[in-house]
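Dear colleague,

I am handing over the structure below, and I would be glad if you could look through it before reading on. My notes on what was found follow underneath.

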Amino acid sequence: MYKKIITGAVATAVAVATFVSTAHAEDTLYIPALSYRTGAFAGGGTPFANGFMDYLAMLNARDGGIGGVKIVNEECETAYNAQKGVECYEATKGNGALVYNPLSTGITLQLIPKAPVDEIPVLSMGYGLSAAGIGEKFPWTFTYPTSYWSQMSSILKYIDSNGGLKGQKIGFIYLDVGYGREPIPLLEKLAPQLGFEVAMFPVAGKEMQAQSAQWLNVRKERPDWMIMWGWGSMNPTAIKEAAKIRYPMDRFIGNWWSSAHADLVPVGEAGKGYVGANFSGIGTDFQALQDVIKYVIEPGNTRTDPSKVGDVLYNRGLYNAVIVAEAVETAQKMTGKSAISGADMRLGLENFNLDATRLAELGLAGFAGDLKGDCVDHEGGGPVFMQQWDGENWVKITDPIAPMSDVVRPLLEAAADAYVADKPEWKTQTCN
Amino acid sequence: MGSFIYSVLGDPFVQMLQMPDFLMQVVWEGFVSGILYALIALGFVLIFKASGIFNFAQGIMVVFSGLTLVGLHELGVPAFLALFITLGVMYVLAFSVERLVLRNLVNQPDIILFMATIGLTNILIGLGQWIFGGETKSMITEQLWLPTGSSVWEPGGGLVIFQHIDIAAAVIAALLIICLALFFSKTKVGRALRAVADDHQASLSVGISLNHIWVITWFAAGIVALVAGIMWGARSDVSFSLQIIALKALPVLVLGGFTSVPGAIVGGLIIGIGEKLFEIYWGPLFGSGIEGWFAYVIALIFLLFRPQGLFGEKIIERV
Amino acid sequence: MKDIAQGYMTEDGRQIGAVLMELKNITLKFGGVQAITNASFDIREGEIRAIIGPNGAGKSSMLNVINGFYHPQEGEVWFHGKKRPSMPPSEIARQGIARTFQNIALFHGMTTVENVMTGRQLMMKKNFFWQLLRVGPALEEETVHRRKCEEIIDFLEIQAIRKTPVGSLPYGLQKRVELARALAMEPKLLLLDEPMAGMNVEEKEDMSRFILDVNDQYGTTIALIEHDMSVVMDLADRVVVLDYGKMLADGTPDEVQKNQAVIDAYLGVEN
Amino acid sequence: MFYRESGQFKSSYKEDMQAFPIREDKIGIAVWLLLAYLYVPFFGLPGLEYGFALNAIMIPVLIFTITTIGLNILVGYTGQISLGTAAFMGVGAYSCYKLTSYFPDVNIIILIFSSGFFAAAVGALFGLPSLRIKGFYLVVATLAAQFFLEWCFIRIGWLYNFNPSGAIEVPQREAFGFIVTGAAAEPVTRYLVVLTILIFLTIIAGNLVRGRIGRSWMMIRDMDIAAELIGVRPLTTKLSAFAVSSYYCGVSGALMVFMWLGAAEVESFDVNHSFLYLFMVILGGLGSITGSYMGAAFIWTFPLVLKEIGKVFEINPTVMENVSLVAIGVMIVFILIKEPHGLARLWQLGKQKLRIWPFPH
């Protein structure tokens with residue numbers, strides 16, 4: 001028996017020793033995908049990762065990569081766990097990673113200080129640290145196309161345009177972790193300015209599926225509107241509970257991590273009328289998505305369930321890949337190199353221009369709002385639009401709603417200053 | 001200071017009186033979650049009584065059984081056949097646990113057995129995710145002929161909403177408990193089970209196979225887990241985060257005593273109703289969201305004063 | 001019975017001193033069950049005192065009262081001429097009462113020498129920070145006590161198993177290690193709960209010799225429970241007989257053997 | 001052949017009471033130390049990329065070893081089970097963060113050591129019920145600690161300086177003229193700091209468990225009633241175990257955030273991590289300090305090895321993640337059945353084999 005164990009241990013040791021970091025030839029674009037298909041939030045992580053990977057795979061299959069250089073897209077499972085995230089980062093960065101999409105606020109926070117040191121930019125698309133939108137303070141971090149705070153301001157504008165905000169009571173139900181608490185300072189600041197009242201309903205991470213107390217409180221407080229910052233199985237549970245207390249669904253608004261197919265399909269008809277924020281297109285009615293289906297899904301070079309292509313989170317992952325690809329292409333053009341470095345990638349991220357024309361060229365006309373890379377503005381200040389669940393699918397119901405940049409921007413700057421304050425050697429940049 | 005005392009001792013009760021319908025709703029919601037806690041706790045008690053093992057894997061068994069049921073249905077298996085197969089899976093689980101784990105750990109200290117069940121938890125999480133994926137799944141409520149929708153009761157202009165699935169949960173839990181009680185008192189195996197619970201040595205000497213008994217109790221705990229999984233899944237969804245909620249059964253056990261079936265039920269109801277009342281009426285003092293630890297802290301305080309629980313027997317130590 | 005108010009001389013010529021412990025009217029109940037009823041006797045310095053009686057007579061309970069594991073409902077325990085208040089067993093151990101157990105209570109995760117060292121715990125005084133460093137005084141202290149333990153190990157002839165984990169030792173040796181551990185405490189009063197249970201004749205002889213040697217060399221007062229009457233009659237200076245929690249007799253082995261009540265209740269079986 | 005103790009006699013008790021009485025063991029330790037101090041800082045681990053070897057393997061393994069030693073003191077040496085390890089680490093991490101904001105100029109290493117005391121105090125507080133309750137009941141008490149502390153880490157904004165992201169972000173700090181925390185700190189600096197702290201704490205733990213205090217812990221573990229009848233005070237003994245154990249956890253938590261992660265929110269201290277650390281203790285060996293090293297190294301690197309194997313066979317990482325969950329579960333059960341003293345015991349058996357090698361009879 002012990003012999004076997006010892007033999008096993010020796011075999012393991014040999015396996016460790018043969019851990020050879022796969023050398024990637026100079027002429028590839030290495031883009032790691034820190035994804036999570038296991039753990040408590042796998043339901044959201046899986047479609048996002050699928051969209052991201054499928055688009056890059058499509059570029060490889062259709063165009064032979066970007067600028068004639070093949071993309072190597074390696075997935076590393078983080079299980080939404082910060083420790084595994086660091087390990088994934090260390091395991092992949094040596095391969096010449098161009099950009100990290102951490103897909104978790106916790107992991108993003110860990111990577112932000114590492115990015116300038118290792119010279120690999122971080123693109124936390126619509127999550128992570130809102131303050132990182134200040135390009136002068138965070139040269140290596142991007143939150144395109146927008147931040148949580150901008151998004152919240154857009155949602156408030158939506159409420160304002162649907163019967164006014166003044167004198168209203170806004171209920172805010174959120175996952176009680178860093179991510180969910182992030183918009184609270186903005187709400188507290190805006191409430192007196194815009195004359196509304198806020199009621200908070202925190203949901204503890206491990207109580208995601210036991211929310212009856214929160215919704216009893218909602219019934220007690222009777223807010224006029226509900227806004228949700230949820231993730232994973234918190235979302236369908238919240239919507240079900242809202243339906244239980246007969247909360248009017250069209251006054252219940254989820255942020256862009258709380259309004260995906262994965263959240264509403266389990267609820268079905270009961271969620272009819274629920275509103276959600278979004279910044280990427282819905283469905284497969286885009287040439288680029290048709291190409292994904294043709295080059296990737298149909299040949300079966302994917303882990304995606306074909307019926308889920310075009311879902312909200314799938315398309316968001318895809319949009320993330322679109323931004324990455326566009327930045328790569330911009331960087332290639334700017335530097336004249338086909339195989340670029342992380343520093344080049346940073347340039348690309350500050351200079352790409354995904355306007356309507358360009359989106360149309362990419363076969364994504366109307367898929368998202370205009371987005372332009374910028375040195376000062378790493379947030380993109382992008383608008384979000386509202387979508388509504390019709391019982392079976394999401395329907396876009398508004399045009400893009402611009403954020404209240406005048407309010408949000410100073411807050412972002414203050415937060416960025418606070419972040420940098422206790423880091424004496426923090427590298428900032430000056431634009432122009 | 002005065003206003004603080006008022007907000008602790010006065011205001012909550014005023015609120016209760018002002019909105020009696022709401023109070024009723026709170027108590028009802030607490031009652032239903034209490035029933036579910038009690039169901040999970042019942043699984044713990046069954047195994048603890050028969051084998052002295054504190055089965056940490058009971059929580060993941062709830063998730064695993066629910067996932068198996070839904071997963072099979074997704075593969076196209078008709079709902080009731082899927083239910084039947086899931087029962088089979090739980091039997092296989094009970095059998096393999098007995099054969100591969102328990103049998104080899106007889107006479108080990110309790111703490112070792114407990115840690116083995118934590119290992120088992122890991123195995124079930126991995127297997128569940130591997131086979132059925134990590135995504136949240138919705139329970140096949142209607143296919144299992146469970147009721148949906150709700151009824152409204154309006155006492156004196158108030159509003160109390162009763163979800164049909166909650167009522168069903170209460171009824172099914174009650175039936176399950178009655179069935180278990182009958183099983184324990186009326187069948188030969190059940191009586192043997194009680195004998196084992198009372199005295200391992202004695203039951204061995206009257207010729208009862210301990211191994212057989214263990215398989216049956218683990219299977220019974222599996223059935224209880226499946227019922228809890230279906231009910232909780234129908235109320236929210238089936239996902240791995242249920243596993244941590246299932247740990248709430250632990251404070252329930254502390255209150256009720258590890259070996260007492262009525263204790264599990266009463267403890268479940270106390271925790272369920274107590275935590276809802278506290279969260280709604282006193283929670284705002286702490287900034288709300290205290291459900292995550294309230295039950296545990298209550299249990300902790302309770303432990304200091306009555307370690308054997310409400311219904312447990314006092315432990316007499318000997319040398 | 002001899003007049004023993006000021007001590008007495010034993011048959012083998014040892015002088016027995018004043019009263020070390022006195023139990024007055026002890027009554028112990030578990031729920032409705034009366035384990036000990038109104039028992040009174042004393043233990044004197046330097047003597048070997050035996051408590052005998054049939055199964056369930058309350059002998060072990062009596063030892064448990066003496067070392068404070070059970071708190072009697074009625075009665076008083078006097079130790080060193082003072083009435084002992086109710087206190088946790090660890091404090092009573094600190095007053096110099098050591099014991100062995102009927103079902104061996106060794107620390108199975110440790111070796112023989114470590115088990116014996118546990119008996120010295122109370123005498124080791126160096127504080128936490130010296131313990132952290134394990135240099136200077138702490139190491140010195142450890143060495144001093146280790147030497148003492150090795151003496152006891154030599155005395156009980158268990159050198160060969162010094163570094164063996166006690167769990168793997170045969171029963172007889174475990175009993176001996178347990179005795180060593182109790183001796184390491186240098187107790188004023190040593191309680192032995194059936195020290196010879198389950199031993200063969202040879203082992204019993206060894207153990208008897210050790211008990212006598214301990215009493216002789218260290219002058220330790222010993223109270224023991226034993227089933228084997230011949231052993232008790234050989235070892236004990238005075239004997240208390242319990243039956244169903246009640247005291248039947250108290251006196252020298254000879255006196256007890258002649259006591260009609262004792263013969264009826266217990267010895268009568270043999271005669 | 002290479003490893004034998006015959007012929008080595010001890011002439012004093014002091015010599016016999018050393019941590020490694022056998023000469024070959026001493027040589028072995030010296031070799032390990034040389035490798036750790038002279039090879040790894042320059043070359044990393046053989047076959048691995050340098051940064052990966054340090055940042056993703058050596059530093060976390062060393063930090064988790066401290067955690068494991070701490071938890072082992074409680075579970076392995078004192079027999080008290082705890083599922084609150086991760087939360088106690090959190091106490092260390094958050095206190096260290098607060099200390100650095102109050103005392104920005106104090107040597108960070110002193111602050112890391114001090115933060116352990118906060119964890120020790122909290123640990124002892126939640127260990128109080130252990131006096132009256134045992135075994136499974138204690139599981140509930142430590143879970144209460146875990147969940148209550150998690151809530152505090154989120155709700156008490158003061159703990160993370162009211163940072164809107166709700167996370168603690170490590171500031172840059174220097175010690176002895178080197179930058180040791182923050183992103184600008186070289187991996188090798190952080191590695192050497194962690195390694196030195198680990199060795200220091202290992203020596204202390206070794207001293208404690210071999211001395212009076214360690215014996216009283218083991219007495220409680222092996223037979224608490226007998227221990228009490230010998231004069232061990234259960235309360236002080238159990239509390240000292242909780243305090244020392246939590247001290248180790250606290251220091252390792254502070255190190256984890258300051259020397260490794262760089263930023264952390266409550267997720268890094270959740271109950272699943274508590275299970276992970278318990279697995280390290282079980283697999284390494286209950287009641288063994290050497291085992292703590294092995295358990296931490298094994299549980300941390302095993303999934304990494306599986307990932308690499310997955311890459312070779314082109315199995316997707318999700319499957320490998322689940323395989324590693326199942327495999328670790330199976331190993332835990334297997335180890336508990338076959339060898340409750342874990343890898344440490346296997347290592348000893350291996351050495352015993354070496355002792356008689358090459359003539360096994």
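Let me begin with a question about a single residue: does D:F88 count as buried or exposed, and why? Please keep in mind throughout that this is a predicted model. D:F88 has 37 C-beta neighbours inside 10 Å, and because a residue is called buried from 20 such neighbours upwards, D:F88 counts as buried. D:F88 belongs to helix α4 of chain D, which covers residues 85–102. Setting aside residues up to four places away in sequence, D:F88 touches D:A119, D:V122 and D:G123, and also D:S246, D:C249 and D:G250. D:Q172, by comparison, is 84 residues from D:F88 in sequence, and the two lie 24 Å apart in space, C-alpha to C-alpha.

The nonpolar core

The largest nonpolar core has 457 residues, and the members that touch the most other members are B:A38, B:A41, D:A144 and D:L255. Helix α3 of chain D, residues 50–77, supplies the largest share of this core, with 18 residues. As for D:L255, when its neighbours within four places in sequence are left aside, its contacts are D:I63, D:I66, D:I112, D:V194, D:I197 and D:W260.

Where the chains meet

Between chains A and D, 44 residues of chain A are in contact with 42 residues of chain D. On the chain A side, the elements that give two or more residues are α1 (2–17), β2 (70–77), α3 (82–93), α4 (105–118) and α6 (178–181), and α1(A) gives the most, with 7 residues. By character, the residues on this side of chain A divide into 22 nonpolar, 9 polar and 13 charged.

Chain A also meets chain B, where 28 residues of chain B are in contact with 32 residues of chain A. On the chain B side, at least two residues each come from α2 (20–51), β2 (160–163), α10 (242–246), α12 (261–282) and α13 (291–305), and the largest share, 5 residues, is that of α2(B). The residues on this side of chain B divide into 8 nonpolar, 14 polar and 6 charged.

The two domains of chain A

Chain A is divided into domain 1, made of 28–146 + 283–382, and domain 2, made of 148–278 + 386–405. The centres of these two domains of chain A, taken over C-alpha atoms, are separated by 27 Å, and the contact between the domains takes 16 residues from domain 1 and 21 residues from domain 2. On the domain 1 side, α2 (42–63) and α12 (312–335) of chain A are the elements that give two or more residues, and α2(A) gives the most, with 3 residues. The residues on this side of domain 1 divide into 6 nonpolar, 8 polar and 2 charged.

A sheet in chain A

Chain A also has an open sheet of 7 strands with mixed pairing, in the order β6-β5-β7-β8-β9-β12-β13. Because β6 (197–203) and β13 (394–396) of chain A stand at the edges with a single partner strand each, one side of each is left without a neighbour in the sheet. Neighbouring strands of this sheet are turned against each other by 25 degrees on average, direction ignored. Helix α8 of chain A, residues 212–221, packs on the sheet and touches β5 (169–175), β6 and β7 (225–229) of chain A, and its direction makes about 165 degrees with that of β6(A).

Strand β9(A), residues 275–278, is a useful place to follow the pairing in detail. From this strand A:V275 and A:A277 point one way while A:G276 and A:N278 point the other way, and all are buried. Strand β8(A), residues 252–254, pairs with β9(A) in the parallel sense over 2 bridges, and the bridge partner of A:I253 in β9(A) is A:V275. With β12(A), by contrast, β9(A) runs antiparallel and is joined by 4 bridges; here A:V275 stands opposite A:Q388. Strand β12(A), residues 385–389, is in turn joined to β13(A) by 3 bridges, and these strands run antiparallel, with A:K396 of β13(A) as the bridge partner of A:Q387.

With kind regards

Note on methods: Residues are numbered from 1 along each chain as its sequence is written. Chains are lettered from A and ligands numbered from 1 in the order in which they are written. This is a predicted model: local features need pLDDT of at least 70, side-chain atom pairs count only at pLDDT 80 or more; totals for chains, interfaces and linings use all residues. Two residues are in contact if their C-beta atoms, placed from the backbone, lie within 7 Å. Ala, Val, Leu, Ile, Met, Phe, Trp, Tyr, Cys and Pro count as nonpolar, Asp, Glu, Lys and Arg as charged, and the others, Gly among them, as polar. Two strands pair if DSSP finds at least two bridges between them. Axes are lines fitted to C-alpha atoms, for helices over the stretch in contact, and angles run from 0 to 180 degrees between N-to-C directions. Domain bounds come from an automatic or database domain assignment. A nonpolar core is a set of buried Ala, Val, Leu, Ile, Met, Phe, Trp, Tyr and Cys residues joined through C-beta atoms within 7 Å. A residue is buried if 20 or more other C-beta atoms lie within 10 Å of its own, exposed if 12 or fewer, and partly exposed in between; C-beta atoms are placed from the backbone.
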